[in-house]
Amino acid sequence: MDHVDRILAQWRRERPDLDVAPMGTIGRLGRIARRLSAEMEKTFAAFGLNGASFDVLATLRRSGPPYALCPGDLMATAMVTSGTMTNRIDQLEKAGLVERRNNPEDARSVIIALTPKGFGLIEEAVAAHVATQARLMSPLSKDERAELDRLLSTFLSRMEDDRAGDA
């Protein structure tokens with residue numbers, strides 16, 4: 001029995017007329033997400049980063065050479081406002097991890113690029129991040145992880161399809 005099972009048992013006792021099964025699924029997903037996030041934040045902090053700064057650096061790194069994107073592309077990936085992204089970029093630039101460069105395709109705009117220092121840091125941080133994720137997923141077998149991924153992918157795809165229909 002996990003913590004959520006105890007909560008569900010209380011609700012079933014107090015409100016037997018309600019089907020609280022979805023509360024169990026959502027409660028477990030939330031508790032797991034909070035635990036995973038807390039552990040990953042510890043890894044980011046070991047490199048002087050947080051989830052937001054890691055996300056920007058990782059997005060630039062995985063974009064491939066020249067490891068540079070326009071701010072709009074960074075915003076779309078992170079799904080944040082322009083003000084939030086500007087603040088993240090400013091902080092990373094102050095730390096010497098990214099730099100603003102003139103956009104060679106449009107002189108009126110800039111691109112955000114990893115500096116050599118930023119590239120080196122994200123190389124180390126992403127390796128540690130992947131190791132943390134592997135450790136966090138280790139309670140499940142390879143087959144269990146594959147099944148969980150399949151189910152979560154189906155769930156997410158259907159939720160996103162529903163949301164697209166609302167737009």
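Is arginine 13 buried or exposed? Arginine 13 is exposed, because its relative accessible area is 57%, and the cut-offs used here are under 20% for buried, over 50% for exposed and partly exposed in between, with a 1.4 Å probe and protein chains only. Before going further, a word on the ground rules. This is a predicted model, so local features need pLDDT of at least 70 and side-chain atom pairs count only at pLDDT 80 or more, while totals for chains, interfaces and linings use all residues. Residues are numbered from 1 along each chain as its sequence is written, and side-chain values use heavy atoms, with hydrogens and water left out.

Back to arginine 13, which has a partner: glutamate 14 forms a salt bridge with it, the closest N and O atoms being 3.0 Å apart. A salt bridge here is a side-chain nitrogen of Lys or Arg within 4 Å of a carboxyl oxygen of Asp or Glu. The idea behind it is simple: side chains of opposite charge can pair when their charged atoms come close. Searching the whole structure turns up twelve salt bridges. Asp2, Asp5 and Arg28 are joined by such bridges into a network. Another pair is lysine 42 with glutamate 39, at 3.0 Å from N to O. Both of those sit in helix α2, three residues apart, about one turn of the helix. Helices (H or I, at least four residues) and strands (E, at least two) are DSSP runs, numbered from the N terminus. Lysine 42 is exposed, because its relative accessible area is 54%.

Step along to threonine 43, also in helix α2, and the picture changes. Threonine 43 counts as buried because its relative accessibility is 10%. Leaving aside neighbours within four places in sequence, threonine 43 is in contact with Ala128, His129 and Thr132, where contact means heavy atoms within 4.5 Å.

Now for the inside. The largest nonpolar core has 23 residues, and those with the most contacts inside it are Leu49, Leu57, Leu60, Leu74 and Val98. Such a core is a set of buried Ala, Val, Leu, Ile, Met, Phe, Trp, Tyr and Cys residues joined through side-chain atoms within 4.5 Å. At least two residues of this core come from each of α2 (21-45), α3 (51-62), α4 (71-78), α5 (82-94), β3 (106-114) and α6 (116-137). Helix α3 gives the most, with five residues. If you want one residue to click on, try leucine 49: not counting residues up to four places away in sequence, it touches Phe44, Phe54, Leu57, Leu97, Leu121 and Ala125.

The backbone has a couple of oddities in the loop after α3. Most residues other than glycine have a negative phi, and most peptide bonds are trans. The peptide bond from proline 65 to proline 66, however, is cis, with omega near 10°. Proline 66 is found in the loop between α3 and β1 (68-69). Tyrosine 67 is found in the loop between α3 and β1 as well, and its phi is near 60°, a positive value in a residue other than glycine.

Further along the chain, arginine 101 and glutamate 99 meet through their side chains in a salt bridge of 2.7 Å, N to O. Arginine 101 counts as partly exposed because its relative accessibility is 34%, and glutamate 99 is partly exposed because its relative accessible area is 31%.

On the surface, look for a nonpolar patch formed by Leu29, Leu148, Leu152, Phe155 and Met159, with about 410 Å² of accessible area together. Patches are made of residues with over 30% relative accessible area and no salt bridge: like charges are joined within 9 Å, nonpolar side chains (Val, Leu, Ile, Met, Phe, Trp, Tyr) within 5 Å. The areas come from the Shrake-Rupley method with a 1.4 Å probe, and for residues only the protein chains shown count as cover. Helix α7 (residues 142-166) gives the most to this patch, with four residues. Phenylalanine 155 is found in helix α7 and is partly exposed, because its relative accessible area is 40%.

Finally, some annotation. An unreviewed UniProt entry lists residues 22-157 as "domain: HTH marR-type"; such annotations may be inferred rather than shown by experiment. The end C-alpha atoms of residues 22-157 lie 18 Å apart, and the span is 70% helix and 12% strand.
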